[in-house]
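Student: I am new to this structure. Can you take me through its architecture, one step at a time?

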Amino acid sequence: MDIRQLRYFVGVVEAGSFTRAAAILHIAQSALSLHVRQLEESFGTQLLVRDRTGVSVTASGAKLLERGRSILKEIQLTETELTNTVAAPSGEVTIGIPSGAARVLSGPLLESVRSELPRISLKMIEGMTGPLEEWMAAGRFNLAVLYRTAESVGQMTVLAREEFCLVVPPGEPPFENSIPLADLHAFPLAVPMRNNNVRRSVADVVAQHGCVLDVRFEVDSLSTIINMIMEGKAYSILTPSAIQKEAAQGQVRTVKIIDPVITRSVVLAVNPKDERTPAVSAVRKLIPKITSTLIESEQWPAMAPVRA
């Protein structure tokens, strides 16, 4: 049964005549008659009786009218529900964000979701990249902000590119604005654990250039690492976004690492089973807009991704 033909049949009955129905439905009367006749032929029975006063339904037509109205109502409700869901998505969205990125992204993201997607409840989990990677792989998040090298981005959305720097306690050397990678061996470091993506990104570059690092402490807590630097107990290798507040207040200093520069991509990953849901899709589209604004306004000390 053609839904359009069913809609025309109900329209004719409710209008009381083919002439009035054709005007209401914006279709030629001849075409309307043809559709109803085809519907009768498909069922093998007469549905309408035409007379000088208009139309009336047969017994079969009365049954189809009752069922047809119910079917069309369900279709309308479904269309309305789906349209409203896309236009005003609702539900809970869970996102994992590394501690460094969270320091610049979490506030603006929460505020944007509150103002632009008021029917969505955003559940944000902050942590070090190692556990976040594992939890995302296990399907615990709908979305996750992760770190990748330029070669391992895959199909994920690149939000930003960041350069690593040596984070220095106040009043301690080096006092230059930059330092070669080969000279980092002179500074005792507090760095994330070995399963951390940040640690791996740096370690890969260090190994490729035959350099060594003096890793004294392995700590899976960004706040603890920052406190150790401020107290003069260690240095670290981080991105400027992770210590932006402390650097602005003079509690730590940043020295750019060169020869070579170590970069990473900040990417947005989506759980494949959730990517088509309206709520997840809406938040997924919102995040790149937020990061772009943060970079342009220099609130996020990073580089915008190169768009193809």
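**Sheets, helices and turns**

Tutor: Start with a sheet of this predicted model. Four strands make up an open sheet with mixed pairing, and their order is β8-β12-β7-β11.

Student: Which strands stand at the edges of this sheet?

Tutor: Look for strands with a single partner strand. Such a strand has one side without a neighbour in the sheet, so it stands at the edge. The edge strands here are β8 and β11 (236-238).

Student: By how many degrees are neighbouring strands of this sheet turned against each other on average?

Tutor: Direction is ignored for this value. The average turn between neighbours in the β8-β12-β7-β11 sheet is 40 degrees.

Student: In which sense do β7 and β12 pair?

Tutor: Strand β7 covers residues 165-168, and strand β12 covers residues 253-258. Val167 has Thr254 in β12 as its bridge partner. Val168 stands opposite Arg253. So as the numbers rise in one strand, they fall in the other; over four bridges, the sense is antiparallel.

Student: What is the bridge partner of Pro180 in β12?

Tutor: Strand β8 (residues 178-180) also pairs with β12. That pairing is in the parallel sense, over three bridges. In β12, Pro180 is partnered by Ile258.

Student: Which helix lies across β7 and β11?

Tutor: The helix covers residues 222-230. Its direction is at about 130 degrees to β11. The name is α8.

Student: What is the order of the strands in the sheet of five?

Tutor: This sheet is open too, and its pairing is mixed. Its edge strands are β4 (120-127) and β6 (157-163), each paired on one side only. Neighbouring strands are turned by 20 degrees on average, direction ignored. The order is β4-β3-β5-β13-β6.

Student: Which residue in β4 stands opposite Gly96?

Tutor: Strand β3 spans residues 91-98. β3 and β4 pair in the parallel sense, over eight bridges. Opposite Gly96 stands Ile125.

Student: Which helix lies across β3, β4, β5 and β13?

Tutor: In this sheet β5 is 143-148 and β13 is 263-270. The helix has residues 129-137 and runs at about 130 degrees to β5. It is α6.

Student: How many residues lie between β1 and β2 in their hairpin?

Tutor: Strand β1 has residues 48-51, and strand β2 has residues 54-57. They pair in the antiparallel sense over four bridges. Val49 has Ser56 as its bridge partner in β2. The number between the two strands is two.

Student: What describes two packed helices?

Tutor: Two values do the job. They are the angle between the axes and the distance between the axes.

Student: At what angle do α1 and α3 pack?

Tutor: Helix α1 is residues 3-15, and helix α3 is residues 29-43. Their axes are 9 Å apart. The angle is about 110 degrees. That makes α1, relative to α3, roughly perpendicular.

Student: How many residues of the contact of α1 with α3 are charged?

Tutor: On the α1 side are Arg4, Gln5, Leu6, Tyr8, Phe9 and Val12. They meet Leu32, His35, Val36, Gln38 and Leu39 in α3. Seven of the contact residues are nonpolar and three are polar; the number charged is one.

Student: Is the crossing of α1 and α3 left-handed or right-handed?

Tutor: Handedness follows the turn of the near helix from the far one. For α1 passing α3, the crossing is left-handed.

Student: Which residues of α3 make the contact with α2?

Tutor: Helix α2 (residues 18-25) packs on α3 at about 105 degrees, with the axes 9 Å apart. From α2 come Phe18, Thr19, Ala21, Ala22 and Leu25. From α3 come Gln29, Leu32, Ser33 and Val36.

Student: Where is Pro260?

Tutor: A cis peptide bond joins Asp259 and Pro260, with omega of about 5 degrees. Asp259 also has a positive phi, near 55 degrees. The place of Pro260 is the loop between β12 and β13.

Student: Why is the protein called more spread out than a compact globule?

Tutor: It has ten helices and 13 strands. For 308 residues the globule rule gives 19 Å, and the protein is well over that, so it is more spread out; its radius of gyration is 31 Å.

Definitions and conventions. Residues numbered from 1 in each chain as written. Predicted model: local features only at pLDDT ≥ 70, side-chain atom pairs only at ≥ 80, totals over all residues. Heavy atoms only, no water. Pairing = 2+ DSSP bridges. Axes fitted to C-alpha atoms, helices over the stretch in contact; angles between N-to-C directions. Contact = heavy atoms within 4.5 Å. Parallel < 35°, antiparallel > 145°, perpendicular 65-115°, else oblique. Nonpolar A, V, L, I, M, F, W, Y, C, P; charged D, E, K, R; others polar. Rg over C-alpha atoms; globule rule 2.2 N^0.38 Å.
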